[in-house]
Amino acid sequence: MGKGGGCVPSKKRQPPASTVAGAPSSSSAPRDAPEAEASGEAAGGRRRLRLYIVFYSMYGHVEALARRAAAGVAAVDGVEAVLRRVPETLPPGVLEKMQAPAKDPAVPVIAAAADLEEADGVLFGFPTRYGSMAAQMKAFFDSTGSLWEKQKLAGKPAGFFVSTGTQGGGQETTAWTAITQIVHHGMLFVPIGYTFGSGMFKMDEIRGGSPYGAGVFAGDGGRQPSETELALAEHQGKYMASIVKKLAQA
């Protein structure tokens, strides 16, 4: 089962998520609950829109994308990013044997699936496991039954970003097999298409990502996200934030 997903076992311990390569500095990272925004209002008294970035990251690759996506969200006036990780389902002893680094406590675990009700949009990030999302993210979706029953998430825009271990490991299938989850909730799937421009067509370097969303090739764990992969994640955050804003103003 791959650590980043294309079924390549990890043999290298990665740095803690808080120091993962490519992650923005603390000065540029979105704040969880800044006092100045505690009222939920943006400048001018308008309600600040909230784009949740909910992810699972075992070795830090997906988290690196999540942080850059959050930086992209911050570039859109009136929209704030809320970073949340889903609960871990593996016991500590197993994680230790898999050489998984400790999770960064600065990014809290989402308290309950019901927290998604306050989101104006959601980006979900996860590594692949044989072409579909990791079990930890699937377990989180499985906990959203009460939201599904009352269609509390219907109409909210949603998107995906992923990590795979190999170039054929599921950069597209991992996203499109996840669409079933949001379809049952009545959410609106927002792919990035080719809005990244010329960066989507470069063939001179290995690059994760697809029209479905940002992505990273993790390899056996030694490869960290490239600047192009991180830039695509930042673009996705900014693009999704602009969609959230447009829908709120409609």
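Which residues do ring pairs link into a cluster? Point 4 takes this up.

1. **Status and overall build.** This is a predicted model. The protein has seven helices and seven strands. Read from the N terminus, the elements run β-α-β-α-β-β-α-α-β-α-α-β-β-α. Of the 250 residues, 52% count as buried. Contacts with a separation of 6 or more are dominated by long range: 77% of them join residues 24 or more positions apart.

2. **The largest core.** The largest nonpolar core has 31 residues. Val54, Leu116, Phe124 and Phe140 have the most contacts inside it. Several elements supply at least two residues each: strand 1 (49–55), strand 3 (121–129), helix 3 (135–142), strand 5 (157–164) and helix 6 (179–184). A second, separate core has 30 residues. Val62, Phe161, Val190 and Met200 are among them.

3. **Phe140 and its partners.** What does Phe140 touch, leaving aside its neighbours within four places in sequence? The list is Val54, Val86, Ile110, Ala113, Leu116 and Phe124. Val54, Leu116 and Phe124 also stand beside Phe140 among the residues with the most contacts inside the largest core.

4. **The aromatic cluster.** The whole structure holds seven aromatic pairs. Ring pairs link Phe124, Phe126, Phe140, Phe141, Phe160, Phe189 and Tyr212 into a cluster. That answers the opening question. Take the pair of Phe124 and Phe160. Their ring centres are 6.3 Å apart, with 35° between the planes, and the pair is tilted. The two rings come from distant parts of the chain. Phe124 sits in strand 3 and Phe160 in strand 5, 36 residues apart. Are these two residues buried or exposed? Phe124 has a relative accessible area of 0%, so it is buried. Phe160 is at 1% relative accessibility, so it counts as buried too. The cut-off for buried is under 20%.

5. **Gly125, next along strand 3.** Gly125 lies in strand 3. Its relative accessible area is 0%, so Gly125 is buried. Not counting residues up to four places away in sequence, Gly125 touches Val54, Phe55, Tyr56, Val62, Met137 and Phe161. Met137 is twelve residues from Gly125 in sequence. The C-alpha atoms of these two are 8.5 Å apart.

6. **Strands 1 and 2.** Strand 1 and strand 2 run parallel and are joined by seven bridges. Phe55 stands opposite Arg85 in strand 2. The chain goes from strand 1 through helix 1 to strand 2, and this β-α-β crossover is right-handed.

7. **Both faces of strand 2.** In a regular strand the side chains alternate between the two faces of the sheet. Val79, Ala81, Leu83 and Arg85 point one way from strand 2. Glu80, Val82 and Arg84 point the other way. Which of the residues in strand 2 (residues 79–85) are buried? Seven of its seven residues are. The arginines and the glutamate are included, since all the residues on both sides are buried.

8. **Helix 1.** Helix 1 covers residues 61–74. How does its length compare with what it should span? At 1.5 Å a residue, its 14 residues should span 20 Å, and the end C-alpha atoms are 21 Å apart, which agrees. Burial is heavy here: 13 of the 14 residues are buried, so helix 1 is largely enclosed by the rest of the structure.

9. **Helix 7.** Helix 7 (residues 227–249) has 23 residues. From first C-alpha to last it reaches 33 Å, close to the 33 Å expected at 1.5 Å a residue. Its buried residues include Leu230, Leu232, His235, Met240, Ile243 and Val244. What do the buried residues of helix 7 pack against? Their partners are strand 1, helix 1, strand 2, strand 3, strand 5 and strand 7 (215–217).

10. **Two residues to look at in the loops.** Gln99 has phi near 60°, a positive value in a residue other than glycine. Gln99 is in the loop between helix 2 (92–97) and strand 3. Its relative accessible area is 26%, so Gln99 is partly exposed. Phi of Tyr130 is also positive, near 60°, and Tyr130 is again a residue other than glycine. Tyr130 lies in the loop between strand 3 and strand 4 (132–133). With a relative accessible area of 57%, Tyr130 is exposed.

Technical notes
Residues are numbered from 1 along each chain as its sequence is written. This is a predicted model: local features need pLDDT of at least 70, side-chain atom pairs count only at pLDDT 80 or more; totals for chains, interfaces and linings use all residues. Side-chain values use heavy atoms; hydrogens and water are left out. Helices (H or I, at least four residues) and strands (E, at least two) are DSSP runs, numbered from the N terminus. The expected span of a helix is 1.5 Å times one less than its number of residues. Buried means under 20% relative accessible area, exposed over 50%, partly exposed in between (1.4 Å probe, protein chains only). A nonpolar core is a set of buried Ala, Val, Leu, Ile, Met, Phe, Trp, Tyr and Cys residues joined through side-chain atoms within 4.5 Å. Contact means heavy atoms within 4.5 Å. Rings of Phe, Tyr and Trp (its six-membered ring) pair if their centres lie within 6.5 Å; planes under 30 degrees apart count as stacked, over 60 as edge-to-face and the rest as tilted. Two strands pair if DSSP finds at least two bridges between them. A crossover is right-handed if, with the strands pointing away from the viewer, the path from the first strand over the helix to the second runs clockwise.
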